[in-house]
Amino acid sequence: MLVGEQINILGSYPDSFGKQIRIGTDAKNPLTGLTLTTFQINVGKWCNQACKHCHVDASPIRTEMMSRETIDKCLAIIKSVPEIQTVDITGGAPEGNIHFRYLVTEVRKLGKKIIDRCNLTILEEKGNEDLHEFLAANDVEICSSLPYFSQTRTDQQRGDGVFNKSITALQKLNKLGYGTRLPLNLVYNPVGVFLSSAQKQLEREFKENLDKKYGIVFNNLYCINNMPINRYLGALVRTGKFETYMETLVNAYNPMTLEGLMCRHQISVGYDGKIYDCDFNQMLELEAKPVSHIDHFDYQAFVNRNIVVANHCFGCTAGAGSSCGGEVA
């Protein structure tokens, strides 16, 4: 589904997120940047999987990749802004970028926390036999999507064979100290047209089942609402459930989520160096204002910017909220 078509569909829903957030806030500047503690980099849209819910629309046929030159520009910004504590590397499958290991080692030299948004199955691909050890040796935090602790529900969303490969990868990571000495977090998002379950309760269920059945341990489970963009939006439209899902999100709008929204505390940089308020805006090509490319990055202008919003933002503000780190309220 083309970006313009997605914007039109989202805009066709009668409730406006832009109007909603003005309730109880400054009508002139309802949503602004607050801090810049996380530098998120999308290093490319290639992925060894093609998940049904993927908001990036990533797959094995995508060719967009961040260049070494753009990575170096990102590193220069990270080095120049002491406030940045975390570098969050995502994709696609970020490990598929030929400069991934270079990026990790350089960020580590800067003393920043590193997160790898790993799909787990990439660790089982030919040529990545030592990737587990590389990540562990560089103290990289792993954050991995696992739709459920059962094979059927996981493969339904991510493809046949994904669950078994994921379990094998998690067991290997555990042997290297992930889940105990090193941080290993899992990400859950619903299969159906409903909001994510309560994070703490679901985390207990995941831990009990994965430990009992496979001897797997992990640190945290992050629950993320499905964002009505790209493949998920297409599925909603095809099945006639777009209005139903949007109504679910709008009715669950929670103003207590606004302070902790990830867009207010991070920068999202695309493979081509363009700047966005978040990864979701990046996929809708809604560039940040007034700074829209790393070549023109200005710290003060970025931190004090107005966040670009659209109706997909109801996904991050519904219920307990939703972000790359799970609940926000």
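**Entry 1: rings and charges**

I began with R153, which in this predicted model lies over the face of Y148, at 3.7 Å from the ring centre. I then looked up the other charge of this kind that I had noted, and found K207 over the face of F218, at 5.6 Å from the ring centre.

How many aromatic pairs does a search of the whole structure find? The search returns 12 of them, and I followed two in detail.

For F17 and Y253, I read a separation of 6.3 Å between ring centres and an angle of 80 degrees between the ring planes, so I entered the pair as edge-to-face. This pair links distant parts of the chain, since F17 belongs to helix α2 (residues 17-20) while Y253 sits in the loop between α10 (242-251) and β7 (266-269), 236 residues apart. F17 has a relative accessible area of 1% and is therefore buried; Y253, with 15%, is also on the buried side of the 20% cut-off.

Going back to Y148, I checked its ring against that of F206: the centres are 5.8 Å apart and the planes stand at 85 degrees, so this pair too is edge-to-face. Y148 lies in the loop between β4 and α6, and F206 in helix α8 (residues 199-214), so the pair ties together parts that are 58 residues apart in sequence. I noted both Y148 and F206 as buried. The two rings also belong to one aromatic cluster, whose members are Y148, F149, Y188 and F206.

**Entry 2: the helices α6 and α7**

Next I looked at helix α6 (residues 151-158) and helix α7 (residues 162-175), whose axes come within 8 Å and cross at roughly 110 degrees. Because angles of 65 to 115 degrees count as roughly perpendicular, I entered α6 and α7 as roughly perpendicular to each other.

Which residues make the contact? On the α6 side I listed Q151, T154, D155 and R158, and on the α7 side V162, F163 and N164. Sorted by character, the residues of this contact comprise two nonpolar, three polar and two charged.

**Entry 3: backbone exceptions**

I kept in mind that most residues other than glycine have a negative phi, and that most peptide bonds are trans. Against that background I wrote down two cis bonds and two positive phi values.

The peptide bond from G91 to G92 is cis, with omega near 25 degrees, and I placed G92 in the loop between β2 (86-90) and α4 (100-109). The bond from K289 to P290 is likewise cis, with omega near 5 degrees, and P290 falls in the loop between α11 (279-283) and α12 (299-303).

L120 is not a glycine, yet I found a positive phi of about 75 degrees for it; L120 lies in the loop between β3 (113-117) and α5 (131-137). Is L120 buried or exposed? Its relative accessibility is 0%, so L120 counts as buried.

D139, also a residue other than glycine, has a positive phi near 55 degrees, and its place is in the loop between α5 and β4 (141-145). At 44% relative accessibility, D139 counts as partly exposed, because the exposed class begins over 50%.

**Entry 4: two buried residues in helices**

I looked up M283 in helix α11 and found a relative accessible area of 4%, so I recorded M283 as buried. Setting aside its neighbours within four places in sequence, I found M283 in contact with V3, N42, K45, H55, V56, I229 and N230. I also checked M283 against G321: they are 38 residues apart in sequence and 20 Å apart in space, C-alpha to C-alpha.

I turned last to L249, which is found in helix α10 and, with a relative accessible area of 0%, is buried. Which residues does L249 touch, not counting those up to four places away in sequence? My list for L249 reads L195, P228, F314, G315 and A318. For L249 and N225, 24 residues apart along the chain, I noted a C-alpha separation of 9.2 Å.

Definitions and conventions. Residues numbered from 1 in each chain as written. Predicted model: local features only at pLDDT ≥ 70, side-chain atom pairs only at ≥ 80, totals over all residues. Heavy atoms only, no water. Axes fitted to C-alpha atoms, helices over the stretch in contact; angles between N-to-C directions. Helix = DSSP H or I, 4+ residues; strand = E, 2+ residues; numbered from the N terminus. Parallel < 35°, antiparallel > 145°, perpendicular 65-115°, else oblique. Contact = heavy atoms within 4.5 Å. Nonpolar A, V, L, I, M, F, W, Y, C, P; charged D, E, K, R; others polar. Buried < 20%, exposed > 50% of the residue type's maximum accessible area, 1.4 Å probe, protein only. Phe/Tyr/Trp six-rings, centres within 6.5 Å; stacked < 30°, edge-to-face > 60°. Lys NZ or Arg CZ within 6 Å of the ring centre and 35° of its normal.
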